[in-house]
Amino acid sequence: MSVRVRFAPSPTGYLHIGGARTALFNWLYARHTGGKFVLRVEDTDEERNTPEAINVILEGLRWLGLDWDEGPASNDPAGDSVDDRGPYYQSQRAEIYARRVEELKVKGLAYGDDGAIRFRMQREAVTIPDLICGDVVRELTDREQEQPDFVIVRSDGKPVFHLVNVVDDIEMGITHVIRGEDHLSNTAKHITLFRAFDVEPPQFAHIPLILNANGSKMSKRDEGASLEGWQQAGYVPSAVTNYLSLLGWSPKDDSQVMPLSEIIERFDLAQINRSNARFDLEKLQWMNYEHLRALPMADYRERAVAAGVDFGGATEDYIVAALGTCQDKVKQVEDLPTFCSFYFTDEFDYDEAMVAKAFAPDNKEPFARLREVFAGVEDFTPEPLEAALKALAEELDVKVRVLVMPARCACTGVKVGPSLYELMAVLGRDRVLVRFDKALAAMS
């Protein structure tokens with residue numbers, strides 16, 4: 001059996017973390033098994049169905065790197081499709097739903113009720129075989145026992161979620177339904193509908209919910225709930241997919257930082273946890289840092305530009321060398337402009353608190369000697385610079401920080417930054433000495 005899975009979002013104007021994780025798990029399973037990942041859009045809510053809202057979903061999936069094998073080619077419901085089992089917008093499938101409703105009527109399994117159409121639901125308990133939750137027995141609730149038959153077409157003629165969901169899965173040949181555990185309560189109705197159409201239900205896998213750190217249900221207003229927020233904050237897509245993959249799934253050896261290719265190779269439904277996952281912003285930020293520092297320099301450079309770093313007229317070699325000293329240090333790309341700005345301009349202010357200590361009168365003479373030493377260092381690279389500074393500190397019988405603090409303040413203006421010796425090597429002898437001279441004048 002060739003695996004066929006689907007992600008069927010509603011265009012609400014934003015892509016929730018839960019939806020993104022559901023899409024990812026379906027995509028990973030399709031890629032792991034060599035199957036197909038189908039995208040279809042449940043756009044029957046006319047008030048919220050806009051091209052902009054649809055685009056949020058399409059662009060969000062593309063940003064995550066989740067390409068679909070079948071689905072819409074654009075945010076136009078009437079537009080072209082990828083592959084031939086479409087249309088992939090529910091708003092364009094009315095004739096298919098009408099034909100399937102008629103089929104149920106002919107079988108005596110659907111009937112009209114005050115303008116609506118109801119499906120004759122079985123009265124016996126339904127066993128839901130689930131690949132994650134195990135066998136779940138679903139009895140009718142007290143309310144359902146009073147009226148077990150549920151509406152599949154509303155009085156305004158619009159088909160209901162339960163019907164279209166099942167019909168689309170049948171028509172598109174879906175073999176595995178991987179979705180949030182909150183849909184488990186619907187599944188008994190869906191299984192019964194599949195059987196009413198003489199179709200064996202797909203295999204179901206209901207994945208655990210994502211909760212806030214405090215265990216409460218995550219709403220769209222909670223921090224981290226919207227994928228768009230992560231996009232705007234400059235997160236690395238591979239870091240987000242890596243983090244999302246671990247919200248409910250874990251490899252057997254509990255690995256954490258993994259490239260997408262490794263996650264695909266290792267992902268399987270058997271490793272999905274039964275308990276709910278909790279969103280951990282600190283872990284996401286740590287994961288993002290790990291992926292950020294592993295980016296190829298060309299990608300890192302692009303992110304620096306997007307974050308607002310102004311390279312001025314610097315050469316490409318200089319830019320690469322400068323960013324190379326930052327990549328292991330900067331945890332969020334949005335901090336990069338402040339962190340590395342001293343490389344690309346000589347006009348910057350000194351941090352007042354640092355100046356008070358670094359440019360203290362007692363430091364002037366040792367710092368002036370350091371300027372002399374650096375002017376004569378033959379090889380202006382990190383190791384010789386470090387060796388020269390430490391040798392001078394020993395000669396003057398002062399602590400290393402007496403020389404390091406004014407040197408850093410002179411070169412960068414701030415206390416925190418790349419390795420002092422590396423950044424001086426990138427700046428080059430001439431620029432470093434000019435900045436030392438400016439600092440010495442400020443000490444006067």
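**Reading helix packing, empty space and backbone outliers**

Modeller: Start with two helices: α1 and α8 are roughly perpendicular to each other (an angle of 65 to 115 degrees; under 35 is roughly parallel, over 145 roughly antiparallel, the rest oblique). This is a predicted model, where local features need pLDDT of at least 70, side-chain atom pairs count only at pLDDT 80 or more, and totals for chains, interfaces and linings use all residues. Residues are numbered from 1 along each chain as its sequence is written, and side-chain values use heavy atoms, without hydrogens or water.

Biologist: At what angle do the axes of α1 and α8 cross?

Modeller: An axis is a line fitted to C-alpha atoms, for helices over the stretch in contact, and angles run from 0 to 180 degrees between N-to-C directions. The axes of α1 and α8 (residues 237-245) cross at roughly 85° and come within 10 Å. On the α1 side, the contact (heavy atoms within 4.5 Å) uses Ile17, Ala20, Arg21, Leu24, Phe25 and Leu28. Thr241, Leu244 and Ser245 are the α8 side. By class, the α1 contact with α8 has six nonpolar, two polar and one charged. Nonpolar means Ala, Val, Leu, Ile, Met, Phe, Trp, Tyr, Cys and Pro; charged means Asp, Glu, Lys and Arg; the others, Gly among them, are polar.

Biologist: How do α15 and α17 cross?

Modeller: The axes of α15 (residues 361-376) and α17 (residues 400-412) come within 9 Å and cross at roughly 75°. That angle makes α15 roughly perpendicular to α17. From α15, Asn363, Pro366, Phe367 and Leu370 meet Val402, Leu403, Pro406, Ala407 and Ala410 of α17. Eight residues of this contact are nonpolar, one is polar and none is charged.

Biologist: How many helices and strands does the protein chain have?

Modeller: Count DSSP runs, numbered from the N terminus: H or I of at least four residues for helices, E of at least two for strands. The protein chain has 19 helices and 13 strands. Its C-alpha atoms fill a box of roughly 100 × 40 × 35 Å along the principal axes. The radius of gyration, over C-alpha atoms, is 30 Å, against near 22 Å for a compact globule of 444 residues (the rule is 2.2 Å times the number of residues to the power 0.38).

Biologist: Where is empty space left, and what lines the largest pocket?

Modeller: Rolling a probe the size of a water molecule over the atoms shows where space is left. On a 1 Å grid over the protein atoms alone, a cavity is a set of points where a 1.4 Å probe fits but cannot get out; a pocket is an open set with protein on both sides within 12 Å along at least five of seven lines; lining residues have an atom within 4 Å of a point. The largest pocket has a volume of about 1,200 Å³. It has 39 lining residues, and Pro9, Ser10, Gly19, Asp182 and His183 are the closest to its centre. α1 gives the most to this lining, four residues. The lining holds 17 nonpolar, 12 polar and 10 charged residues.

Biologist: Which backbone details stand out?

Modeller: Most peptide bonds are trans, and most residues other than glycine have a negative phi. Here a cis peptide bond joins Gly86 and Pro87, with omega about 5°. Pro87 sits in the loop between β4 (81-82) and α3 (94-106). Asp198 is not a glycine, yet has a positive phi of about 60°. Asp198 lies in the loop between α6 (187-196) and β11 (203-207).

Technical notes
Grid points are joined across faces, edges and corners, and a volume is the space filled by probe spheres set on the points.
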